[in-house]
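Here are my notes on this structure, written as numbered points so that you can follow along with the model open beside you. Take them one at a time and find each residue as you go.

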Amino acid sequence: MMHTVKLLCVVFSCLCAVAWASSHRQPCHTPPLTSGTMKVVSTGGHDLASGEFSYDSKANKFRFVEDTAHANKTSYMDVLIHFEEAVLYEIDSKNESCKKETLQFRKHLMEIPPDATHESEIYMGSPSITEQGLRVCVWNGKLPELHAHYSMSTTSCGCLPVSGSYYGEKKDLLFSFFGVETEVDDPQVFVPPAFCEGVAFEEAPDDHSFFDLFHD
């Protein structure tokens with residue numbers, strides 16, 4: 001059964017309101033499985049990536065496959081990250097090739113860090129129109145090891161990603177999430193393809209992180 005979250009048409013029950021009132025200041029936890037569309041742009045308005053994401057919050061694994069129709073590019077991103085093992089795979093299914101790198105920093109914007117600060121709770125849309133709005137929590141914090149700070153917005157009920165921002169020394173990024181579902185169609189997306197087996201690690205920068213995937 002599909003559990004599509006229509007971000008502009010969400011019904012909030014009384015139970016949900018009570019849960020928010022009692023725990024909204026504590027960082028919430030992303031559902032075990034989520035998938036949908038993720039778009040990344042620079043603060044200057046340049047489109048950097050757009051495609052389908054899948055996230056396993058229990059195993060802390062992430063897959064992102066860029067939409068080949070997104071822009072006029074010669075190559076498209078297909079990455080699999082096992083954050084707990086700090087391993088990043090860059091996958092080229094067409095040519096059956098694979099790059100394997102060590103991820104120096106494991107922070108990302110698919111999960112709210114436990115030390116995040118609750119900034120506010122806002123309502124997106126018109127409160128006068130029934131079922132035509134979205135209540136979200138805004139969280140922010142710092143990533144000292146990356147000399148950066150972030151802000152994240154999640155649904156107040158369900159803790160689904162809505163948007164995020166990353167401000168670092170090298171780049172500033174804005175993330176948007178659409179059509180988020182609480183399931184992943186094919187769990188095999190979190191398993192490296194067979195042609196990745198035996199691939200040696202390639203040298204990666206000392207500050208290599210999830211955020212380095214997105215650039216002009």
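1. Let's begin with a single side chain in this predicted model. How far is the backbone oxygen of Trp139 from a polar atom of the side chain of Ser151? The two atoms lie 3.5 Å apart. Ser151 itself belongs to strand 9, which covers residues 148-155. Leaving aside residues up to four places away in sequence, Ser151 touches Val138, Trp139 and Asn140, and also Ser163, Gly164 and Ser165.

2. Those contacts are easier to read once you look at the strands on either side. Strand 9 runs antiparallel to strand 8, and eight bridges join them. Within that pairing, Asn140 has Ser151 as its bridge partner. Strand 9 also pairs with strand 10 in the antiparallel sense, over six bridges. There, Ser153 is matched with Ser163 in strand 10. As you trace these strands, remember that in a regular strand the side chains alternate between the two faces of the sheet.

3. Now follow the chain from strand 8 into strand 9. The two form a hairpin with four residues between them. Have a look at His147 in the turn: its phi is positive, at about 55 degrees.

4. Strand 8 deserves a closer look. On its other side, strand 7 (residues 117-125) pairs with strand 8 through eight bridges, again antiparallel. Ser120 stands opposite Val138 of strand 8 in this pairing. Why can we call strand 8 largely enclosed by the rest of the structure? Because eight of its 11 residues are buried.

5. Next, zoom out to the whole sheet. Which strands stand at its edges? The sheet is open and built from 12 strands in the order 7-8-9-10-11-1-2-3-4-5-6-12, with mixed pairing. Strand 7 and strand 12 are at the edges with a single partner strand each, so one side of each has no neighbour in the sheet. In total, the protein chain has one helix and 12 strands, and the helix comes before the strands when you read along the sequence.

6. Let's turn to the cysteines. A disulfide is a covalent bond between the sulfur atoms of two cysteines. The count for this model is two. One of them joins Cys28 and Cys159, with sulfur atoms 1.9 Å apart. This pair links distant parts of the chain, 131 residues apart: Cys28 is in the loop between helix 1 and strand 1, and Cys159 is in the loop between strand 9 and strand 10. The torsion about the S-S bond is about 70 degrees, so this disulfide is right-handed. Cys159 is buried, because its relative accessibility is 5% and the cut-off for buried is under 20%.

7. The other disulfide joins Cys98 and Cys196, whose sulfur atoms are 2.2 Å apart. Here too the link connects distant parts of the chain, with Cys98 in strand 6 and Cys196 in the loop between strand 11 and strand 12, 98 residues apart. With 100 degrees about the S-S bond, this link is right-handed. Cys98 is buried at a relative accessible area of 13%, and Cys196 is buried at 4%.

8. What about Cys137? The closest cysteine sulfur to its own is in Cys28, 6.7 Å away, which is too far for a bond. Cys137 is buried, with a relative accessibility of 3%.

9. Please also visit His208, in the segment after strand 12. Is His208 buried or exposed? It counts as buried, because its relative accessibility is 8%. Among the residues His208 touches are Leu88, Glu101, Thr102 and Phe105. Leu88 is 120 residues from His208 along the chain, yet their C-alpha atoms are separated by 10.0 Å.

10. Finally, some totals for the whole chain. Buried residues make up 45% of the 216 residues. Of the contacts between residues at least 6 apart in sequence, 53% join residues at least 24 apart. The accessible surface comes to about 11,600 Å², and carbon and sulfur atoms account for 53% of that surface.

Terms used. Residues numbered from 1 in each chain as written. Predicted model: local features only at pLDDT ≥ 70, side-chain atom pairs only at ≥ 80, totals over all residues. Heavy atoms only, no water. Polar contact = N/O pair within 3.5 Å; in protein donor to acceptor, adjacent residues only side chain to side chain. Contact = heavy atoms within 4.5 Å. Buried < 20%, exposed > 50% of the residue type's maximum accessible area, 1.4 Å probe, protein only. Areas by Shrake-Rupley, 256 points an atom, 1.4 Å probe, with all protein chains shown as cover. Disulfide = S-S within 2.5 Å. Pairing = 2+ DSSP bridges.
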